[in-house]
Structure formats: structure tokens, C-alpha cells
Amino acid sequence: MSDETELNKMFDLAKRTAPEPSPDFMARILSDAEAMQPAVLGVQTETAAKRGIFRDMLSALGEAIGGWPAFAGLATAAVTGVWIGISPPQLLIEPFGTVLGTDTSALSEALEYGDGFDFTLFEG
Amino acid sequence: MTMALDHNINISDDALLQLYANGDQAAAHQLTVRLAPRAYKQAYRMLGVQADAEDVAQEAMMRVWKIAPEWRSGEAKVTTWLYRVVANLCLDRLRKVQSTSLDAIDEPIDPSPSAADDMQSSARHDALQVALVELPERQRQAVVLRHIEELANPEIADVMEISVAAVESLTSRGKRALTQILKGRKAALGFEGDAP
């Protein structure tokens, strides 16, 4: 028998009897595959992208109104407005009383409020 | 760990990679079953050390998972790409170790219980593995891909990034060297008494 034939016999044997990977190895590979599955990364990326868009919008707004310090002014104005709405200070009511007296019907008419409206209601 | 057999033989590796990239868990399983043993066997034939072969195959598979979202279908065969990755990782490892002495080589793994019963087959299998590890790296790579993994020469040329003629030269020289290495062991391997 020739050397070539003998060698080919050994190759054939090697093909038939290839070393099989261990079950532990296969489990490690599958575990890597699941850990690196892009779907998980995809969700994170999408969330990050949404967060990025929101941050970009805030940043653009900040720049348009004069930078981040302007947000402090806006917040203060908003809180003040709410506070005035809930509990208007006397100084805001008084001028109307001075000009119109206690009769506010003219003002009511001008503003088309109902007859029963009276600024004195604000006085508590 | 027991894994299900690869039933989806009609789905290409390309398509499975795409499914994997889209979050399909079954695709991760299928790709593992299809590709990991292939990577491991190639690495084992090249390195002759089970632990090293597992490390290389695991690293190669990590690269499969990483590249999946960017994989362009139809541009290259997934298996060719994987063979190349494994081959390069093996070469890197061999060059780091440089003088991988035969003492560092594992006792060749017994192929299967039925074959292991056949002492002659086992001896031939062991002898081939030991002889393969004695070949120069490039010859070993070409011989393993051609004669054990049964790749065609053009695909081996792709894997090794050389010409087909160079592949033919490497496999031919590799076979001659193997014959020389195994010559003195003919009787021990039982070839003397084999029918022609």
C-alpha cells in the first residue's frame, strides 16, 4: 500500500472521529450568544436615543432663551404666577378699589363678567 | 448541557445571523450548534491542546456575535469568515508560544467510544494528530482545511488570503512532510498488514 493511501486512510479516520466539544464549552458559547444578543442592546440604544432627543430639545430651548440660567428665571416666574393666582396680594386689589370705589359694576360690564362679580371677593 | 439538533437546515448561516441580530433567541442556539463545533475542531487540529482550542473557538464565536448586526448578506460565507478568524487566532497563539514543545500537546482526545475500542484506529488517530502538530503552521493549516475539514482549494485560498496555487503547494508539501513523519511508525499503526 502506498504512503499516499495510508495517509488518506488516516485523514478519513480523522474526519469520522473528529473531537467533539464538551457540553460545558457549548454552554459557555450559548451563554455568550445570549449575553451579546443585539435585541437587548437595541432596547438600550433606543431608550438612549429617546433620552438624547429630549436632552437636545432642552438644550436648544436653553440656548434660545439665554442659556441655562434663564430656566431659573422661568421657574421663578411660573411659581410666582401660581402663588398670585392662589392668594393675590392686597396691593393688586387696592388700585381697583381706589379708582372705582366699591362699585365694580362698570368694570364687570367692561369685562363682561356677571352682575354678581365683585372684586371685594378677593379681599377675603 | 444537551443541545437540540440543527433541524433548520434550510436556513442559511447568513439568514440566521440576521435573525440573531434581530433578537431571535432560537437563531443564537442554531448558530451555536452549527458553528461552535466547527471552530473548536479546526482549533484543536491546529493547536493539539483541548483547553487552547476551546479558548480560541470561544473567542472566534464572540466575534461572530459582535459582527452579526453589521454582517452583509451575500458578501462572504459565514463559515469561510469563521475559518479565517479561527486560523488567525491559532497562528497568533502559536506565535506567542513559539516553541510549543510536544510535551505541551495534550494526549489526543479519544474520538468516540466505538472507535476507541478499536486500538488500531485510536493509534492512527493519535499519530496523525501528533504529526500534524509537527508541521509548519501554514502547511498544517492548509492540510487541516483541505483533508480534514474538506474545503475546496479556492475557499482555503480565501481563508488563508493566498492564491490557489499557494494552497496547492502548501497542502502538497504538508502531505509529504506528514508521510515522512509517519513513515517510521507504519508497523506500529498496522499499515504493514493492510490490504492494498
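Q: How do α2(A) and α2(B) sit relative to each other, parallel or oblique?
A: In this predicted model, α2(A) and α2(B) are oblique to each other, a label for angles that are neither under 35 degrees (roughly parallel), nor over 145 (roughly antiparallel), nor from 65 to 115 (roughly perpendicular). Helices here are DSSP runs of H or I with at least four residues, strands are runs of E with at least two, and both are numbered from the N terminus.

Q: What angle is that, and how far apart are the axes?
A: Helix α2 of chain A (residues 23–35) and helix α2 of chain B (residues 25–47) pack at about 135°, and their axes are 9 Å apart; the axes are lines fitted to C-alpha atoms over the stretch in contact, with angles running from 0 to 180 degrees between N-to-C directions.

Q: Which residues of the two helices meet?
A: On the α2(A) side they are Phe25(A), Met26(A), Ile29(A), Leu30(A), Ala33(A) and Glu34(A), and they meet Gln25(B), Ala28(B), His29(B), Leu31(B), Thr32(B), Ala36(B) and Tyr40(B) of α2(B), where contact requires C-beta atoms, placed from the backbone, to lie within 7 Å. These residues divide into nine nonpolar, three polar and one charged, taking Ala, Val, Leu, Ile, Met, Phe, Trp, Tyr, Cys and Pro as nonpolar, Asp, Glu, Lys and Arg as charged, and the others, Gly among them, as polar.

Q: Switching to chain B, how many helices and strands does it have?
A: Chain B has nine helices and zero strands, and 37% of its 196 residues count as buried, that is, with 20 or more other C-beta atoms within 10 Å of their own C-beta, against 12 or fewer for exposed and partly exposed in between, all C-beta atoms being placed from the backbone.

Q: Where does Glu150(B) lie, and why does it count as exposed?
A: Glu150(B) is in the loop between α7 (137–148) and α8 (153–160) of chain B, and it counts as exposed because it has 10 C-beta neighbours inside 10 Å. Its phi is near 60°, a positive value in a residue other than glycine.

Q: What about the phi of Glu161(B)?
A: Phi of Glu161(B) is near 55°, again positive in a residue other than glycine, and Glu161(B) belongs to the loop between α8 and α9 (164–183) of chain B.

Q: What ipTM does the predictor give?
A: The complex gets an ipTM of 0.77 and a pTM of 0.63.

Q: How are things numbered, and what pLDDT do local features need?
A: Residues are numbered from 1 along each chain as its sequence is written, while chains are lettered from A and ligands numbered from 1 in the order in which they are written. Local features need pLDDT of at least 70 and side-chain atom pairs count only at 80 or more, whereas totals for chains, interfaces and linings use all residues.
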